[in-house]
Amino acid sequence: MPEAGEARRRTNASKPNTAAGKTNATTTNGMEKRQIPGQQPGSLSLLPYWTWDAVFAALVLSYMFVCPYTKVEESFNLQATHDLLVYTPFANHDQYDHISFPGVVPRTFIGPILIWIILSPIVYPIHFIFFSRESQLWGSQIFVLQYLVRGTLGLLVAASLARFRWAVRKRFGNLVATWCGILNCVQFHLPFWSTRTLPNVFAFVFVTWALGIWIETDVLVRDYNLSAKKSGGKETKRTGDTLKPRDEEKSYDLTPPAHAIVFLLVVSVSIFRSEISLLIFPLFTSELLIYRSILFPPAFSRAYTALVLSVALTVTIDSIFWRAPWFWPEMRVFIFNAIKGGAVAYGVSPLHAYFTSLLPRIAPLSYPLSIFALIANPSRLTRYLLPIFAFVALLSFQPHKEWRFIIHVLPMLNASAGVLISSFISAQQNKLRRLRVLLVALLLILVVSGSLFGLYVSSLNYPGGAALAALHNMNPAPPVRIHIDAYTAMTGASRFGESARELGWTYSKNESHSKPEDFVGMIDGERMYTHLLSHEGLKFHDANAWEIVGFVEGYSGIRVGKEGEGIGGWVKDVLARLLSRRIEWDPRNGAFVIPLPVWVRTETKVWILEHRSPIHVAG
């Protein structure tokens, strides 16, 4: 932009902006400065726009490598993707994991099939080139496929967030989009869970893409009256316009972006997570009744069409894999959780838990900042935050609450917090600007420290996967027959970890065994099991038939302050050490010996046992 034009914008900053989408209007309360989306002051503007998208993708993959295993919530989609890759969708499904272990509620195969479609052109050619065709898929390197599966999902999430941030850039400017990208990266939950094969994460891709289209789109409806046809059928209504009563008599339809919004949200509801309907309801209600940017008939018509198509897709595919006619998994999940109240068995939280506990946990910085941003500039942010907070409020009436149910609000919270931060540090007339920048930097350092601590704690949460890998590293003499108990399977021991099948190893998750004598016996002249991975290893060791050859520790809690005395006792202990000069240098750890205020406890979670002699059962 020429300098003269820039000068005119500065001198006319108080004038309303009439070129929607080209420049951002300056508000009287200083929330936003008039800026061209691609030009913002400060050192952050020196970085290419896509920098924070690349950083987020790198963080997603880094978190995945630090914590390569998965837990029970992710097991269905992960195991289903394994079976699709190893056995292909066209083979007999008897060997599929869900046939033997269907879980409490069924889940759709649409997500795993999507990952299979993406990875097939990569996985199968590599196998045929570098591995024997008679061996299992990728042979002993099959666990690498788990990285590929999770990494693919993580990159899909990163792509949806990049698309969302592009929309933020068009609506609020480049600096706000930059801070949105920074907040995506520094807060722990979003990058960590982006590779987790939860139905919520698959739905997150669709919802985030839809929200991005929503906040950037100026045109939601178009009319097909005679004058519009004469003018080439151009769209005549913008999101800021109000549809007059006489306009409702005309023939309207949704614009292509609005079609995409409806389709993406309806697909996410009918296929992946039914609770997203509680986001659709306030979003379309506010657009229909408050902002009057859409009309009910065309919106309902398109939503109904999307619902019929998506239900037909999931029923057709899932009826095949679940071997049941007219099988709609998400409807069964909805009936189990919402109508029968089956989710209550997994815990009940108070009505306010999302607002007072779970949102502060998953968005420790952007959640409070988005509230301040809404208070400071309601005219700019109410439209986008009202459906978000309404969604959380409606979902609060469900007794069972988990943060992953509300993960879809994170991008909008980060964008709103970015609006506040960008105005907070860009007040050029304020002499305290450096202090503001320092305050924001300190907050970021605090949040990043919390994320690193969360990553460390999370790395201790998957002892089952670590135990299965440890047993493979021991390389016991064949034959090897392994039993994996429920706890081990729920904490990381997936089918991708069964990397020695081509060596003749067998893996069993038989849940009918309960007593030590159930695990001994002979099959075809050989022992039923040679090794156990068990959460109750001492019970088998005491039975004198199994020898403990290894164990894996896992997270068991956090100690705050001094043992038994809390943070006050810790402060007194440190002061006493300082006054008595009892702080010494530890050459082994390269640090002074000062007890930490927070300590992570670990304990043995999974025992690795080897059969040593037959057990004698009386009678």
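In which helix does Asn184 lie? The model examined here is predicted. In it, Asn184 belongs to helix H7, which covers residues 174-186. Asn184 has a relative accessibility of 4%. Buried means under 20%, so Asn184 falls in that class. Leaving aside residues up to four places away in sequence, Asn184 touches Phe56, Leu161 and Arg165. Leu190, Pro191 and Asn414 are also among its contacts.

A second buried site lies in helix H17, residues 378-395. This helix contains Val392. The relative accessibility of Val392 is 1%, and Val392 therefore counts as buried. Its contacts, with residues up to four places away in sequence not counted, are Tyr354, Phe355, Leu359, Ile406 and Val409. Val392 can also be placed relative to Leu278. The two residues are 114 positions apart in sequence. Their C-alpha atoms are 8.3 Å apart in space.

These sites sit within a protein chain of 619 residues, of which 50% count as buried. The chain has 23 helices and eleven strands. Contacts between residues at least 6 apart in sequence were also examined. Of these, 78% join residues at least 24 apart. The chain exposes about 29,700 Å². Carbon and sulfur atoms supply 63% of that area.

Five of the strands form an open sheet. Their order is S4-S3-S7-S11-S8, and the pairing is mixed. Strand S4 (506-508) and strand S8 (546-560) stand at the edges. Each has a single partner strand, so one side of each is left without a neighbour in the sheet. On average, neighbouring strands are turned by 20 degrees against each other, direction ignored.

The pairing at the S8 edge can be described in more detail. S8 pairs with strand S11, residues 598-611, in the antiparallel sense. The two strands are joined over 13 bridges. Within this pairing, Glu553 stands opposite Thr604 in S11.

Two helices lie across strands of the sheet. Helix H19, residues 433-459, lies across S8 and S11. H19 runs at about 20 degrees to S11. Helix H20, residues 463-474, lies across strand S3 (481-484), S4, strand S7 (531-534), S8 and S11. H20 runs at about 45 degrees to S11.

Notes. Residues numbered from 1 in each chain as written. Predicted model: local features only at pLDDT ≥ 70, side-chain atom pairs only at ≥ 80, totals over all residues. Heavy atoms only, no water. Pairing = 2+ DSSP bridges. Helix = DSSP H or I, 4+ residues; strand = E, 2+ residues; numbered from the N terminus. Axes fitted to C-alpha atoms, helices over the stretch in contact; angles between N-to-C directions. Contact = heavy atoms within 4.5 Å. Buried < 20%, exposed > 50% of the residue type's maximum accessible area, 1.4 Å probe, protein only. Areas by Shrake-Rupley, 256 points an atom, 1.4 Å probe, with all protein chains shown as cover.
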